[in-house]
Amino acid sequence: MPPLASRAVFLSAHPEFVMATERYNPRAAEPRWQKAWDGAGLFTTSNESEAPKHYVLEMFPYPSGRIHMGHVRNYAMGDVVARYKRAKGFNVLHPMGWDAFGLPAENAARDNKVNPRDWTYKNIETMKAQLKTMGLSLDWSREIATCDPSYYKHQQKMFLDFWQAGLAERRSAKVNWDPVDHTVLANEQVIDGRGWRSGAVVEQRDLTQWFLKITAMAQELLDGLDTLDRWPEKVKVMQRNWIGRSEGLTIRWALEEATAPEGETELEIYTTRPDTLFGASFMAIAADHPLAKKAAEKNPELAAFIDELRHAGTSAAELETAEKRGFDTGVRVVHPFDESWTLPVYVANFVLMDYGTGAIFGCPSGDQRDLDFARKYDLPVVPVVMPKDGDAASFTVGTEAFTDDGVMINSRFLDGLDTDAAFEEVAKRLEARSVGERKVNFRLRDWLISRQRYWGCPIPAIHCEVCGTVPVPAKDLPVELPSDVSFDKPGNPLDHHPTWKHVSCPQCGGAARRDTDTMDTFVDSSWYFVRFTDPFNTEGPTTAGVADGPKGWMPVDQYIGGIEHAILHLLYSRFFSRAMTATGHLKETSEPFAGLFTQGMVVHETYRGPHGFVTPAEIRIEDREGKRTAVLLSDGTPVEIGSIEKMSKSKKNVVDPDDIIGSYGADTARFFMLSDSPPERDVLWTEAGVEGAHRFVQRVWRLLVEAAPALAAVEPRAGTGAVSRAAHKALKAVGEDIERLAFNKAVARIYELVNTLAAPLADAAAGNGKDLPALREAVEFLLSMVAPMTPHLAEECWATLGGEGLVAAKPWPVFEPALTVDDEITLPVQVNGKKRGDLTVARDADNATVEAAALALEAVQRALEGKAPRKVIVVPQRIVNVVA
RNA sequence: GCGGACGUGGCGAAACUGGUAGACGCAAGAGACUUAAAAUCUCUCGGGCCUUGCCCAUACGGGUUCGAUCCCCGUCGUCCGCACCA
């Protein structure tokens, strides 16, 4: 730097220095480096590499129109991993695509008279441009959109293969039908028994629908969870509960002849508590149970009751508050262990047809629901299990059932046995008589994939009056969606289309019609990660050897996304991988995601003005005497600062990534998303936080630019001083933190290093640098460490230092282990567990030396008050504790 | 109701799962530079006291241990998931 007096003259002659001393301008620099990476083809991944593979994937977005901060956080994390692994020498696959089918496109079509396809692709274009400004190291050559026939063609082929393999089937099912919108609704779309959009009372209808037989793999899906050691325990627990395995017994009860409807001889029930068989006081069957229907034929009152249950609401709220209700069918069953003992059969509203056999035996003393029911209908309550230390003579059940394990009472040959032994005894006896059978049951239901929708993957089936339902021949795939559709009428546009569904039967050639349903969009997202391994293959969904196997990409090494997909998407994908393996589309993959990380949400304060919520952009925060207040920018009206919520349009607490990237740059946005909060937790978006991140970016830039002339021609070399120690320690820690996805800790380590380097860099800039080779090495380390997080900044600094090539292409530096440990360490010295002083010793000092030195400390002597210590505990390189 | 997770400064959080509680950042305060502001730099920053030092602090109450944010028992609170699954 020239002396101040001549600076103006110097600068006018050297405009490049004017550039250099200005603030870092990400708006200019970021697009430049993005172009440089593109030009070098750095992120285009080859399937033919000898390097070990690493597959990093973030959950692909729905093309809603604009990216949001949640995307920024998700993709910033994935990009850190991708860039880091690339620097570590891995062949990294880091692709991006679009979950492009779905209802919003149809709503937009209906409301704005646009074609769903045009709407979707326009959104993709916008969002892709937004993602590009983030500077993500994505292989865009592999981009896919699930709404593209080149994608869903393969999905249709796999559907046919699943069908042939018995993993897909068409059958009748009870569904929520909205009579106004003419469509099936998902359970969560039914609110208080009414369609969420139409407000019409939803009907339960039997419709013939397509199912994927996920239940066929229930056990494997459950067992597979145990192998997923890099999944959050929470997600595994949720999936286990969802699959809901239970072990029990099916028991066939003979109907009492005199009371049995014609042709009916027995009732099969499922129970997990056969031990409580002697506590039975009634049987309960679902309203849809065949026996109920049969009994109702000659009993109009029963028929009316059943009809009433069928029209009762199915919403969660209604089920929760619904009172236990039943109706005695008049049919009686005979107890399997006592021919003289008969029990009544009720139709009950709390028994579900699609679990177990749709029938149970009620043991009021051992089940709260049964007890509620028994009290209401005045049925016997016989305690059959009591606590281990209970008294058989006095133990009774009042309003609370005893559901724990314990000791059997009032149970004839079971008396005195514990619960497990009683279970075994009953099972053994009933199995011997072929009356009972051990049975494993799952809560998991088959996956209903039919949707009466337009904007989805057509189900490639043809219905022929003569031949039945036949597959579309593979050569005719894809079955493409027609583009000339109308959304004027409610219901499925595919069904309304004048010509689309009329085809000839592939088998007999006669007149037939297409299946007009499309697939649930969860199907699309259940295999996209496999498609990314070779999206160029037009012949099949996957390519042998590339998809999986010794040189294949699967499984995904690190999958990152939101916790909201903990069950459905992840479970469906786990099923799909197994089904693809079963049908030869994969070789050996059962678990698609070896590592899963669920990131937290981006949350923000809410602001409420006189006319409802207002956006953060419309207000100004004022800080008066430590009290934060907010006012409208426009006219200064006070605004109430509300609770912190997930960013959402309805709360108007969204911050647009475009605005942030536009004013601070992508690096700042990325760095802030990675700082402070642990990635699995929610992160609070604050203006101050963004400014802090931006200050960091500017600070690194300024420190390096000012020191650059002194360091430009220096060869990096490790020294022995504080600078090298700090650099090597930080390098070690940051690498470990990134491996563990502890981005917030890596950021803290980087801050520490920058703080350490600030003074030496300032000295170098002023011309009194010491050990410049060590400083140069430390700076290069720093740039490598920030490169995964703030990649543009790293490139800009590297260029300023006169570095060759791109940081993005540089290998991760190697730390010197000797430099990461200190020769002298400071040990805390405690007396009775309370810290009384510090002791600086050689790192390899032996315990006796340390002990002597600790005892010699003045503070220790004072605390001991002249007494001899009873014991001295020396934990090498950790602590000394003197026990007085 | 069942299952799970979590409670640490004014705030977001660290603490190598038993070894200096509060790293790093935000906010706040004081100072330097400046005509001034911004930016930047330096310092202070859990509470208390008899302030070279000591006491109390990791939701609360116990326990184990030389030593507990961490392990065990109990209480309170917050969040999430499931919800008649027999």
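**Exercise 1. Identify the bridge partner of Q830 in strand 37 and describe the sheet around this pair.**

Solution. Q830 has N881 as its bridge partner in strand 37. The model in which this pair is found is a predicted one.

Step 1. The pair is placed in its two strands. Strand 34 covers residues 824–831 and strand 37 covers residues 879–883; the two run parallel and are joined by three bridges.

Step 2. The sheet is assembled. Its four strands follow the order 35-34-37-36, the sheet is open, and the pairing is mixed.

Step 3. The edges are examined. Strand 35 (834–842) and strand 36 (871–875) each have a single partner strand, so one side of each is left without a neighbour in the sheet. On average, neighbouring strands of this sheet are turned by 20° against each other, direction ignored.

Step 4. The packing helix is added. Helix 26, residues 847–856, packs on the sheet and touches strand 34, strand 35, strand 36 and strand 37. The direction of helix 26 makes about 125° with that of strand 36.

Step 5. N881 is considered once more. Besides pairing with Q830, N881 is among the closest residues to RNA strand B.

**Exercise 2. Describe the protein surface around RNA strand B: how many residues surround the strand, and which are the closest?**

Solution.

Step 1. The residues are counted. RNA strand B is surrounded by 51 residues, and the closest are T272, Y355, R369, R878 and N881.

Step 2. The residues are sorted by class. The surface near the RNA holds 20 charged, 19 nonpolar and 12 polar residues.

Step 3. The main contributor is located. Helix 23, which spans residues 743–765, gives the most to this surface, with seven residues.

Step 4. The RNA side is examined. Of the atoms of RNA strand B within 4 Å of the protein, 60% belong to sugar or phosphate, and the rest belong to bases.

Step 5. Individual polar contacts are listed for three parts of the RNA.
- Phosphate: an N or O atom in the side chain of R699 is 3.2 Å from a phosphate oxygen.
- Sugar or linking oxygen: an N or O atom in the side chain of T271 is 3.3 Å from such an oxygen.
- Base: a polar side-chain atom of R749 is 3.4 Å from a base nitrogen.

**Exercise 3. Determine whether N441 is buried or exposed, and state which residues it contacts beyond its sequence neighbours.**

Solution.

Step 1. N441 belongs to strand 18, residues 436–442.

Step 2. The relative accessibility of N441 is 8%; because buried means under 20%, N441 counts as buried.

Step 3. With neighbours within four places in sequence set aside, N441 is in contact with G244, R245, S246, Y270, Y355 and G356. Of these residues, Y355 is also one of the closest to RNA strand B.

**Exercise 4. Carry out the corresponding analysis for T419 and H497: is each buried or exposed?**

Solution.

Step 1. T419 is part of helix 14 and, at 5% relative accessibility, counts as buried.

Step 2. T419 and R273 are 146 residues apart in sequence, yet 8.7 Å separates their C-alpha atoms. Beyond its neighbours within four places, T419 is in contact with R273, D275, V385, D405, G406 and M408.

Step 3. H497 occupies the loop between helix 15 (493–496) and strand 23 (502–504). With a relative accessibility of 7%, H497 also counts as buried.

Step 4. The side chain of H497 reaches the backbone nitrogen of W500 at 3.0 Å. Residues up to four places away not being counted, H497 touches P482, D484 and V485.

**Exercise 5. Which peptide bonds are cis, and where do R412 and D676 lie?**

Solution.

Step 1. The general expectation is that most peptide bonds are trans and that most residues other than glycine have a negative phi.

Step 2. A cis bond joins L477 and P478, with omega about 0°; P478 is in the loop between strand 22 (468–471) and helix 15. Another cis bond joins M554 and P555, again with omega about 0°; P555 is in the loop between helix 17 (528–531) and strand 26 (558–562).

Step 3. R412 has a positive phi, near 50°. R412 lies in the loop between strand 17 (407–408) and helix 14 (419–432) and, at 45% relative accessibility, is partly exposed.

Step 4. D676 has a positive phi of about 65°. D676 lies in the loop between helix 20 (666–674) and strand 33 (683–684) and is exposed, at 62% relative accessible area.

Definitions and conventions:
Residues numbered from 1 in each chain as written. Chains lettered and ligands numbered in written order. Predicted model: local features only at pLDDT ≥ 70, side-chain atom pairs only at ≥ 80, totals over all residues. Heavy atoms only, no water. Near = heavy atom within 4 Å. Polar contact = N/O pair within 3.5 Å; in protein donor to acceptor, adjacent residues only side chain to side chain. Nonpolar A, V, L, I, M, F, W, Y, C, P; charged D, E, K, R; others polar. Buried < 20%, exposed > 50% of the residue type's maximum accessible area, 1.4 Å probe, protein only. Contact = heavy atoms within 4.5 Å. Pairing = 2+ DSSP bridges. Axes fitted to C-alpha atoms, helices over the stretch in contact; angles between N-to-C directions.
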